[in-house]
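In these entries I record what I looked up, beginning with the chain as a whole and then turning to a single strand.

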Amino acid sequence: MVTSVPRLVIAAPSSGSGKTTVATGLMAAFAARGLAVSPHKVGPDYIDPGYHALATGRAGRNLDAYLCGPELIGPLFAHGARGCDLAVVEGVMGLYDGAAGEGELASTAQVAKLLRAPVVLVVDASSQSRSVAALVHGFASWDPQVRVGGVILNKVASGRHEELLREALDAAGVPVLGALRRVRQVDTPSRHLGLVPVAERRAQAVEAVAAMAAQVSEGCDLEALAALARSAGALPCAAWEPPTAPAERRAVVAVAGGPAFTFSYAEHAELLAAAGAEVVPFDPLRDERLPEGTRGLVIGGGFPEVYAAELSANEPLREAVGALARSGAPVAAECAGLLYLCRELDGRPMCGVLDATARMTGRLTLGYRDAVAVEDSVLAAAGTRMRGHEFHRTAVEPGSGTAPAWGVRAPRRRVEGFVQRGVHASYLHTHWASEPGVARRFVERCRTS
């Protein structure tokens, strides 16, 4: 199968250049023209895809060559972009920045090459004029397989400043596809792990996305950008499909959501459903009971530390989660889910499933991890190797139980997480598309527990 959806990769020389504003604004601007726009994000970021989904009305999807392997980037892209008129892929960090010590792996440049997609470079033009040509020339010529098809200039001070920048880039042979003036920052507030997720500020997020779309529509040549997207090469790969299980009795799997638990990859719910689960979302901030007939529970990442008081106050649900775990039913908890299962978080009672306490710290733990399952669990057999990432400012004491979830190789060899009865709880975020047996195993345990 050949995928020929027009597509652009929005990259930058470094973080903070304006990629999210431009990518989200482009998505919303093209969607406003009646196009079905497929939104994607390079890397493990959960928050930007929420804004992308708001801009397009479609699930924001991640393309991470470290978590899933380079071989799945094309198929996962084709799966998400199926039936769309155009796709916009927001990059991560600087264009050539990837997993530490792994060369180009997981970089925006690698994903652009795997997708055969042209790159639009977003350049923070403040405090420079002619030097912008040297900067763009360096990025455009560093890797001949990366096609930088144009530049969008951000934080342009004036009309005269724009003229100087355009003159310099004319000499460099890279077309300018847009120029965005220095304006008051679009209202996208941040805190300790990045932007505040859409689920926590939906009304304001809608306004922010509309402002991004207006800024991009006014300052960018949308026709030229669409033409560049159509120049993307054909992608000779079949779309990824979640493997289906034989038709059997479906098991209700409750999936935590709402403002406190916003971190999840779209493919996880698709994998669970294909494996025979009836996926039912619930909000631990508001719902006092688990969904009717719950046979398994998935609690992903998010910000329970921000909502510790509210989560603690929902005592009926905490008791229901504890009872489900004690019954031996499958429970998969990642990061925020791990904190929620502890005895307490910052001194406030949580579900008490794990004999551990959690607290906020001033230290950011961030990075990709190679991991191996230490014990048989509802997610994986002992010895199963997976890749994941950590992203938190909290600590759990102790960091592992008598039966740990994972052995982690770097940045130092250690074990972490908890496996007890049907519970698998860990700080590690994983992408189940890389190991579809995870979802099948989990749903099968839901049927038999």
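I began with overall size, bearing in mind that the model is predicted. A compact globule of 449 residues would have a radius of gyration near 22 Å, and the chain has 22 Å, so the two agree. I then looked up the extent of the C-alpha trace, which spans about 70 × 45 × 45 Å along its principal axes.

Next I turned to burial and surface. Of the 449 residues of the chain, 58% count as buried; here I took buried to mean under 20% relative accessible area. The exposed area of the chain is about 17700 Å², and carbon and sulfur atoms supply 50% of it.

For contacts with a separation of 6 or more, I noted that 75% are between residues 24 or more positions apart. The secondary structure comes to 14 helices and 22 strands.

I then chose strand β2, residues 37-42, for a detailed entry. Are its residues buried or exposed? I found that six of its six residues are buried. V37, P39 and K41 point one way from β2, whereas S38, H40 and V42 point the other way, and all are buried.

Which strands are joined to β2 by bridges? Strand β4, residues 86-90, runs parallel to β2 and is joined to it by five bridges; in this pairing V37 stands opposite L86. Strand β3, residues 61-63, also runs parallel to β2, with three bridges between them, and H40 stands opposite R61 there. Finally, I followed the chain from β2 through helix α2, residues 48-56, to β3, and I recorded this β-α-β crossover as right-handed.

Methods:
Residues are numbered from 1 along each chain as its sequence is written. This is a predicted model: local features need pLDDT of at least 70, side-chain atom pairs count only at pLDDT 80 or more; totals for chains, interfaces and linings use all residues. Side-chain values use heavy atoms; hydrogens and water are left out. Buried means under 20% relative accessible area, exposed over 50%, partly exposed in between (1.4 Å probe, protein chains only). Helices (H or I, at least four residues) and strands (E, at least two) are DSSP runs, numbered from the N terminus. Two strands pair if DSSP finds at least two bridges between them. A crossover is right-handed if, with the strands pointing away from the viewer, the path from the first strand over the helix to the second runs clockwise. The radius of gyration is taken over C-alpha atoms; the globule rule is 2.2 Å times the number of residues to the power 0.38. Contact means heavy atoms within 4.5 Å. Accessible areas come from the Shrake-Rupley method with a 1.4 Å probe; for residues, only the protein chains shown count as cover.
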